[in-house]
Amino acid sequence: MAEKRSESGLLLLLLLISVSLLHLFICPFTKVEESFNLQAAHDILYHRLDFDRYDHHEFPGVVPRTFLGPLFVSALVSPLVVLSSLLDVPKIYTQLMVRGCLGACVVAALWHMQKEVRKQFGSTVALLFCLMCASQFHLMFYCSRTLPNVFALPLVVVACTAWMAQRHRLFIALSAVVIIVFRVELCLLLGLMLMMSLVRRRLGLLELICYAVPAGILALALSVCVDSFFWRRLLWPEVNLSLPVVLLLGSAPGPGLHPAPDARTRALLVPSLGFVLLYSLLPHKELRFIIYTFPLLNLAAARGSSYILSNYHKSWLYKLGSLLVIGQLLGNAAFSGVSLYVSHHNYPGGRALQELDQRVPATAAVSVHMDPYVAETGVSRFLQQRPTWKYDKREDVSPGHPVMKTYSHIIMEINATSIRLLQDTHLPLVFIPGYEQVVFTPAHLPPFRVQLQDKVVILQRKDFTASPSDGR
């Protein structure tokens, strides 16, 4: 019996790993929101101590971000990167390694939570929890993306697991790190959990102070020291976020209870739904901002689904409910498949730079300019694989600028006016399609199709020749 449980557990772990890797390989490129952490990982791995060449000096972004996440992931993948460099493996595979390592951290955290779920709620709930996580598009899609939210996600999942197990010292220590270093707004979610422990007298105020103060000081010192060094000024990155995020804790209405089979599940829903409610009061909202609640909500849903399935034999209502549970999992998987297919076509910038690599010899003297749209839809330093080529993504030149005519190649968003301004010196080499919209076709199976449209064009200078570079 124990051997069967071990085999089933291994299959669930392989399922989570396989689905996360599937999302990674089908969508290998990244968007602008992920660029800081991805470029930082590139610079740490390839520029190392040559800090002047780091990307963030030229493109600092809207607000400074911490280097601790990229440093940690880069340290984990560095042995593989050294080996791949010796074998002259293209750098795009290093990008996959970096993202895959981050995804592995998220999967490991989910698996750690699954073990506690199995202990507290049983094997059926643990099984449903894993199936819901694996079939949920946004959780699997984002788990390998180098967003600040995702760097925080594994720590949040482990912290929540510690809270479930009433291991308050670990919970407080991880909460301090994740709030102070990565995402200050997590004080809403983790703060609600902490208040619940205090109200229920599972944690004393003196005990809280003894745990929180040292952990907070260490996390703050680590962030300030490391990030001040990389940014070359005294800095605590998370203090740059809006103060109202923190103030919401005291000004927003309390979260309501959600109907659930038992008190333990309600205890998970209160902080999760409370966090969503509090965060909804902020003006700028994206789904990735509340991704930390997905595992907790999946656990609550798994507990409810398990209750329905275990009472399947009692009445036709439970039989109908069981069909709905199975239908939900299948529906999630189908939605994930469609969403993943759509997302595959949503990175024309990255595909364009790869297309240029394939069409132009590596020995040619190439200088390529990439406009903001291209840089935002898949381009990263990991794709700049030709050491003799000159890559430029400066934003202070436009198609009418004289400097634009000096580039051997220009990759830009398709615009008839821009192409016309460059027609005397450059000609289109290839057009790159991208996602436009989903068109429903009820008369066909499946009843929809993804409509693509040319999004990016690669222009090549008329006098360009593929002769070898002179090495300058």
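**Note on helix H11 and its aromatic surroundings**

1. The buried residues of H11 are covered by elements that include helices H2 (35-46), H3 (55-58), H4 (68-86), H9 (168-182) and H10 (186-199), contact being heavy atoms within 4.5 Å. Helices are DSSP runs (H or I, at least four residues) numbered from the N terminus.

2. This is a predicted model, in which local features need pLDDT of at least 70 and side-chain atom pairs count only at pLDDT 80 or more, while totals for chains, interfaces and linings use all residues. Residues are numbered from 1 along each chain as its sequence is written, and side-chain values use heavy atoms, with hydrogens and water left out.

3. H11 spans residues 205-231 and reaches 37 Å from first to last C-alpha, close to the 39 Å expected (1.5 Å times one less than its number of residues). Just after H11, Arg232 takes a positive phi of about 65 degrees.

4. Buried residues of H11 (under 20% relative accessible area, 1.4 Å probe, protein chains only) include Leu208, Tyr211, Phe230 and Trp231. For Trp231 the relative accessible area is 8%.

5. Aromatic pairs (ring centres within 6.5 Å, the six-membered ring for Trp) number 18. In one of them, Phe67 and Trp231 meet edge-to-face (planes over 60 degrees apart), at 6.2 Å centre to centre and 70 degrees between the planes. Because Phe67 lies in the loop between H3 and H4 and Trp231 in H11, the pair ties together parts 164 residues apart in sequence. Phe67 is buried, at 0% relative accessible area.

6. Ring pairs link Phe67 and Trp231 into a cluster with Phe36, Phe51, Tyr54, Phe229 and Phe230.

Terms used:
Helices (H or I, at least four residues) and strands (E, at least two) are DSSP runs, numbered from the N terminus. Buried means under 20% relative accessible area, exposed over 50%, partly exposed in between (1.4 Å probe, protein chains only). Rings of Phe, Tyr and Trp (its six-membered ring) pair if their centres lie within 6.5 Å; planes under 30 degrees apart count as stacked, over 60 as edge-to-face and the rest as tilted.
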